Structures are given as structure tokens and as C-alpha cells.
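Hi there,

Here is the structure I promised to pass on. Have a look at it first, and then read my notes below.

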Amino acid sequence: MAEPVGADALVFAGVSKVFGAGRARITALDDLSLAIKAGRVTGLLGPDGAGKTTMIRLAAGLLRADRGRVHVLGQNITKTARAVQQRIGYMPQRFGLYEDLTVQENLDLYARLQGLARAGRLARYAELLKLTALGPFRARPAGKLSGGMKQKLGLACALLRIPEFLLLDEPTVGVDPISRRELWHIIAALRAEGVSVLVSTAYLDEAERCDDVVLLDRGRALAQADPAAMESALQGRCFRVTHPTTPRRALQQTLLAQLPVLEARLDATSVHVLLAPDTTPPDITGAAWQGVAARFADVFVDRLHARRPAHARAEATAPATPRESEVVLEVRGLNRFFGDFHAVRDIEFTVKRGEVFGLLGANGAGKTTTFRMLCGLLPASSGSLLVAGQNLLKAPAEARRQIGYVAQKFSLYGTLSVAQNLAFFAAAYGLRGERRGRRLAWAEEEFELGPFQAMNAGDLPLGYKQRLALACALLHEPPILFLDEPTSGVDPLTRSEFWQRINHYAAAGTTVLVTTHFMDEAEYCDHLLLMSLGAALAAGTPAEIRAAAASAENPDPSMEDAFIALIAAHEQTIRRAA
Amino acid sequence: MNGRRLAGLITKETLQIFRDPSALGIAFILPLFLLLLFGFGVSLNAEHVPIGVVADHPNPTTDPLVAALRHSRYFEVRPLAGLGPARDLLSRREIDAILWLRNDFARQTLTEAPATIGLIVNGTDANTARLVQGYVLQAWMIWLAQQNQAAARPLGLSVALQFRIWFNPALRSQDYLVPGLIAIIMTLIGALLTALVVAREWERGTMEALMAAPVTMAEILAGKLLPYFVLGMGGMALSVALAVFVFAVPLHGSVLILALASALFMLVALGMGLLISSLARIQFVAGQIAIVVTFLPAFILSGFVFDIRSMPAPVQMITRILPARYFVSILQSVFLAGDVWSVILPDMAVLAVMATFFLGVTLARSRKRLD
């Protein structure tokens, strides 16, 4: 059993933590033993419900382990929680800010709680405000900051007394790409000062910025290593596949149907494939296979794939039916104000039948507000919007049957069983007799909900909640499907499976509108609208948007690079106008 | 307890109170609303009660009695022709009582036999019924006295009863409702508001950040206790000022005792609020519990509106564990009777025990952890 050593920032020895009791009993950590080295940046990755937050809270002394010992900076946390808390910095998932206090007042509060003397405080404020670029916003209430600014203020509050060990719980979720990059610069600077950092994240690309990565699943550590080493272990199994005639998405479906293919992701211009160990590329006529370096997403899929029951893959579909050019959704000059807050500014776009249309942006960009106006849940302040030729806000119930809607966090009845949820939504959409039976049977089979029929929706794993929500929205076979942040908080394996389904429905003629804050998901959309602070930054196909952002230094930018370049350009125009 | 950390927490809480309109609403607008409602709107006095008078044989003996009723501000007299129509009016609630002077009334007063009058009262509203009964009796006494004087001889009743109403001579219901309200208002601020603001910290995730900071649980609790103590005492001062200057409720006892008792009760209410918030981490649930466990009992069972002595014995037992009961008793004594130590001291002792209990349990229960 590992004993605390000076060089370890954090040691878990046989730690178990169980929440709840009886049927609702959840084992968050299961006999976990590991050590996090001091002076390094360690990333904590894993699917939703893997135990990441529990692990960080145990390290911060906010939970007590049922079994095992937790040593932080050489001290037993259960015995000396307060002494340890004086030496660590902790930023909870929601940043722990008082929204009705200003930036300065939040800093004052946490400085006093850390026991900083007034004299030392002022110098530290200056440093932190410079580091986080929050200087001009000192008098602004924290609730009125953007997501990225809140994240930086939360970090500043955790850094007031320079900690020996910094714990960050998913600091980058839903935050715009620029703020994410800035956060990682700050982390790098702290590391240079000798601060140990443990950071959990849902973004797999961020793993590559860590010195060390812990891969957690179902309360156990699957692996702990240098991310580069983990990636190089997959040497020879990753390929970039292109085909001269088949479109990327059809190629992806074909590839996924092949046995040795563990994962096929859409890249900027090709399909990225991970093969099972000791297999050779399957023979697909015309396809060009080019070996490439593994990414951390491949490591994730490879390690977790073995632990999951194989999902029935969405069958490879016939090449997409020719797209009809009929416009099913048209938005012109859309604006929305909340008081004097301009939440959506002059948004315009059209969506054709059978398209997957994506609204991309960070939290607070105006995606959900736009969505609610489209679905007729919120009146527009100005502008016109037509869904299937009707304004849903004024349209009769008949027109609303044209759409299926999956709200953020999946609006299911948590205390009803899966079967009861399905029955309720079937009744709500007026399904009767033979059609009702046929659709319920379809939902059970298509989403593999059979084994869960009697389980309460609230107790389902997140991935199955997502499936159930999708099943409920599709029961009445709507030609248009609205999905608001369907992949938020869902692990990468489930996300990739989800997108396969969506593409499958789109190929069958369903029009899909989807919002997301994951830039890599942009590749799954036919057309995109990039939003920031309520305004449209760019619109077009993923390739067009990336091409627009190409520059001499970066001729082949990723969607995230493109987004960052566009935000920078947008801010410049605003500044010029001001 | 570290001064710097405590100062930080108190500053934060104070800023939040002033920026959050709902906190100020509960502390100052709600008391104002309740005081106006109970001061002006609700009156437990019976005034202008419609009463039917059936005199089978109107004559000089009965006239003064009817006149006495007519001149009283408590009654609206309606002379009626017979008992039949009077009964109809009573059952339609157009009148609340019937005074029946039989045809042999005048004759009886002149004989040795006791003279009888009939009084039929609608008992649906027991409170009004009792008041009507009392008022009619009073008018009857006055009439008897007059008859005695006029005839210069004893008439049936040989003992003259003298009525004197103590502590609330004008029988104004405001005078005892408004002091009682102070207990309600302080329960709202101490228990409901405190339970809500702590639950809000849980909901917004700020409690997690506080707990990860090197503060002690005692500091976190004191950081909540002190600002809301001041707020509650502010609400109390506002209520007392309104009671005395707007509603002209007399304050016979000393302000110091009033403040001291209020401070004790405030600690009890805060203790209950903090204890609730350690059980419920969702504002909705915390609010429900606070209303059911603290506010409603204080409203109904504290003796503020309904007299505890007229409650059934088991309910009376329950009122003994209600802090508000003891505070209402102190308030009514201090306002209406003065510093009656035999009432105030035992009540304050009970409040002190309760404050220690609630705050002690809260401190023992609260751990600086999320599970």
C-alpha cells in the first residue's frame, strides 16, 4: 500500500466512497489507489459518473472516504482537513462565486477567508487581475460576467494565497475556446512556479496539455501515465482514411461496419480510424489509408471500449438519399432582448430538408435562446421565423407535431419508469391503437431500452437518459428534430454513438437542428452557425468556415482554431465600431 | 474564531442582503404588510352587530332597555314584530342575535318574581357570539341600575355588578394583535429567511467553495447568525415603532426588557432556521419546512390570535414546545401590563434554554463536509 511520500501531492490508498442506499446505491470510488506527483499537472479524465468529482472533493476534504486513506501534501485529510485547506486551492465545478457580489467583493471575501493581511492582498489582487485580464471588470457583479470570465474569477479566488496544490473540477466545461486556452496558459505558469495541479476535464484534447493523465472509469483507475506515452502505445493503429468519391459521412458509416474498426471520427477533411489491436486495415475499394499519430481520444476509446458491452452499431446506411432542396426553416433578422440585455442579435439562416444544422458557441452565446424562439417557447423581440412554413408561437398544435424537441438536461420525468415516460409522451402526442404499439416497440428496439423498461428515468446512466429523451422526441415521427445541447456532459463514446444515430435520421430525411459547445462536433453538421455573445460570427459548411480562417501560419486550421480566429476578428470590429 | 475571516463572511452576507430585494422584502415589506393588515384590516371587536329586538308589548319599562342598546356603538338595533320573522332573519344571518321581551315583562318587573328576557345568539362565530352576550349583559346591567334609581327600591337583583376591564380598557383588538405580530415577523426573518439563504448557498454551489476554504463551521454559522440577528432586530424596531406611533398601542413596560426578550427570541428563531438549513439544501424544501414548522405554529398556536386556554388540552401541550408562545406572552405583558416579572422571567428562561438547544444542535450537526 502506498504510503505518503514527500514527492506526492496526493495519495489515495484503497479509497472507497458510496452514495445513497438500497436501489439508489452508487459506488462512486471503488478501492482506488493512486499517487499524484508533486510539481506536475495531472489530468483526470473519464466518462460521466466515473468518480472524477468525488475524487477531487475527497482531496479537498469535502467528503469523507468510507474506506481507505487520503493523504494530501503528506497530511491525512480526515484528521487535518483545515490545515490542508490552508495549503490547497480548490475551484468547484460552478466556480463558487457569489453572483450578486462584484468581482472585487468576491476577491475580498476569499482573501479574508484565506486570512490574507490587507497589505499583502493589494499586491496579490494586482497580480491576479493582470493574469486573468479582469482588471476592467472589478466593479461588475460576478453574475453578469461571461462564462469564461466567471471561470477566471473562480480561479483567481482559488489562487489568492498561492496554493501548493490546486484542484480544478471541470474548469473548462461550456467555456469558450479562447478562455479555455487562457486557462491552460495560467495553469502552465503556475506549474512553472512549482504548484501541483489536478484538473478534471471532459475535453479529451486537453489531456495532451497535462504531464500525467489518470483515466478513471466506474470508480477505478484504468490507467495513469504520460499522455504522449499512452498515445504512442497505439502506434500503427490509427489511420487517416479518404475516398475519392464517397462523402466523408458515408465513408464513416462504411468503416464503422467493419469489424476491426473500433472508432471512426470525422476529421477536417477525412475520417480518422482506430483499429483493434493486431488487425490490418479492412479492404475497401478506393479508400486510401495513411498511418497517423494517435490522439488522446483514441486512447480513451481504446481503454474504455474493452470495458463496455459492444453496442449494436447503427447499421451502415445506403448512401444518403438525394437531398431535397425544400427550405423547412427560415430565420430573418431575429433579435431577442431580456430587459436591456441583447441576447440574440440579428441572426439569419435557412435550413433545408434532411440537413443537420449546428449552432455552435460557448455557454451564453445565445444558442438556447435562439432555439426556444424557433420552437415557439419564447416570442422573438423582432424578426421573422418560419418552421415548416409556420410561426410556431402562433401556430396551432397541429404545426407543433411537426417538431420533436429534446431540451437541455433532457426533460424526462425522473420518478416515472422508462416505459411510463414513453407511454406519457405517446399520449401527449396523441398516438393511438396500432401506431402507438408500433412506435413504442420501435423505441424500445432502436434505443435498446428493453432492459431498462422498469427503471426510473432519474436513475438511468446519462447516456441512456439521452437515448430515452431522443426516443420520446421521435415517437410521433416528426420531420424536424430540435436538440439543445444533447451531448453536454456525455462521455465521448456515447457522443460518437449519438452522432451516428443523428446522421442516420438525417439520411432518412429528418431535418436536425442541434446546439453544442464541443467544437469537434461541428464536423458532423452539414451547415453551421457560429455564435458568440448573441451574434453570428460565421455561417456555412464546416469546410467553408475552416477555409475562411486559414492563414499563412495555419493553412489547415481546426474548427477550434477557426472559432478563435473569428472571435478575435469579431472583437476587433466591435472595438473599431466603438 | 478568526476576526478577519468572520469579518469577510459578515461583509459578504450584508452586501447580499442589500442587493437581494427578496431578503429586504421579507425583513421590511412583509412586516409592514402584516402590521397594516392586522392593525387596520382584522378586528376582533364586535361593532355594529345587527340585533333584532322583539318586544311583544312595547311600554315605558322596555323602552329604556331598547334605547340603551340603540345608543351603544356595538349594536345596530332592528325592531321586529314577532319571533317568527326574527328567526328567519337570524337564519339568513341578517341579524346576529335576538332580544326577546315577553309580553309579561313589565308586569314581572313589578312583582317579586324574577323578570326574564330572552337572548338568542347565533353561535356560528363563537367569538362574536360571546362578545354579543357580554355586551347585552352590560346594557342590561345599566338598565337595571337606572330602574333601581328611578324606583328607589331594589329590583330583583340586589347586588350591583361593577365591570372593569384591565390591560386593554378600550377592548381594542389591535392592542394585543400588534404586539403578537412582532413574534411572527421575527420568526419570518430568523427562521424562514435564514433557512432560505443557506439553502441558496447550497443550490448555487457557493457553500462548496466556502467549505473548501480554511474557515471553521462555527465561523460560517456566526457569519450567517450576526447579520440576520441585526436584520431581525431592525424588523422588530420597525414593528415596535409602528405599533406605538401608528397604531397607538400603549407600551407600559420598559423598552430594555422588550429588546432583551426580542434578542433572546431572535436567537431561538435563527437557531431553528440554521437547523432547518442543515436538513434541507434546496430553497423550496427549506421554505416549506420553515413555514410548516415555525411560521404556521407561531401564527396559530402562540396565543397571538387564538387564546391558548380555550384550546383542547393536547393542543395546549403542543404549544408548550413553541418558542413563539413564550415570546407572545412576554410581548403582551410588556406592552399591555408592564414589566410583570412573574410572567417575563420564566418565559425568558424558557427562551434562553431553547436558544441554547437549537444553536447547540446546529453546531453539533453541521460538519464542514458535503456528505
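How many Å separate the centres of domain 2 of chain A and domain 3 of chain A, taken over C-alpha atoms? The answer is 28 Å. Before the rest, some housekeeping: residues are numbered from 1 along each chain as its sequence is written, while chains are lettered from A and ligands numbered from 1 in the order in which they are written. Also, this is a predicted model, so local features need pLDDT of at least 70 and side-chain atom pairs count only at pLDDT 80 or more, whereas totals for chains, interfaces and linings use all residues.

Now the domains. Chain A is divided into domain 1 (8–227), domain 2 (233–305), domain 3 (321–402 + 485–578) and domain 4 (413–477), with bounds that come from an automatic or database domain assignment. Where domain 2 of chain A meets domain 3 of chain A, eleven residues of domain 2 and ten residues of domain 3 take part in the contact (two residues are in contact if their C-beta atoms, placed from the backbone, lie within 7 Å). On the domain 2 side, α8 (248–256), β12 (261–266) and α9 (296–305) of chain A each supply at least two residues. The largest share there, four residues, comes from α9(A). Those element names are DSSP runs numbered from the N terminus: helices are H or I with at least four residues, and strands are E with at least two.

The two chains touch as well: 24 residues of chain A are in contact with 24 residues of chain B. On the chain A side, α2 (81–85) and α3 (103–113) give two or more residues, and the largest share, six residues, is from α3(A). By class, that side has eleven nonpolar, five polar and eight charged residues. Here Ala, Val, Leu, Ile, Met, Phe, Trp, Tyr, Cys and Pro count as nonpolar, Asp, Glu, Lys and Arg as charged, and the others, Gly among them, as polar.

Next, try finding strand β21 (residues 511–516) of chain A. Six of its six residues are buried, so the strand is largely enclosed by the rest of the structure. Buried means 20 or more other C-beta atoms within 10 Å of a residue's own, exposed means 12 or fewer, and partly exposed is in between, with C-beta atoms placed from the backbone. T511(A), L513(A) and T515(A) cover one side of β21(A), and V512(A), V514(A) and T516(A) the other. β21(A) pairs in the parallel sense with strand β17 (residues 356–360) of chain A over five bridges (pairing needs at least two bridges found by DSSP). Strand β20 (residues 480–483) of chain A also runs parallel to β21(A), joined by four bridges.

Finally, a couple of loops. Most residues other than glycine have a negative phi. L73(A), though not a glycine, has a positive phi of about 50°, and L73(A) lies in the loop between β4 (67–72) and β5 (75–76) of chain A. L73(A) counts as buried, with 22 C-beta neighbours inside 10 Å. R218(A) has a positive phi near 50° too, in the loop between β9 (212–217) and β10 (220–225) of chain A. Is R218(A) buried or exposed? R218(A) is partly exposed, with 16 other C-beta atoms within 10 Å.

Cheers
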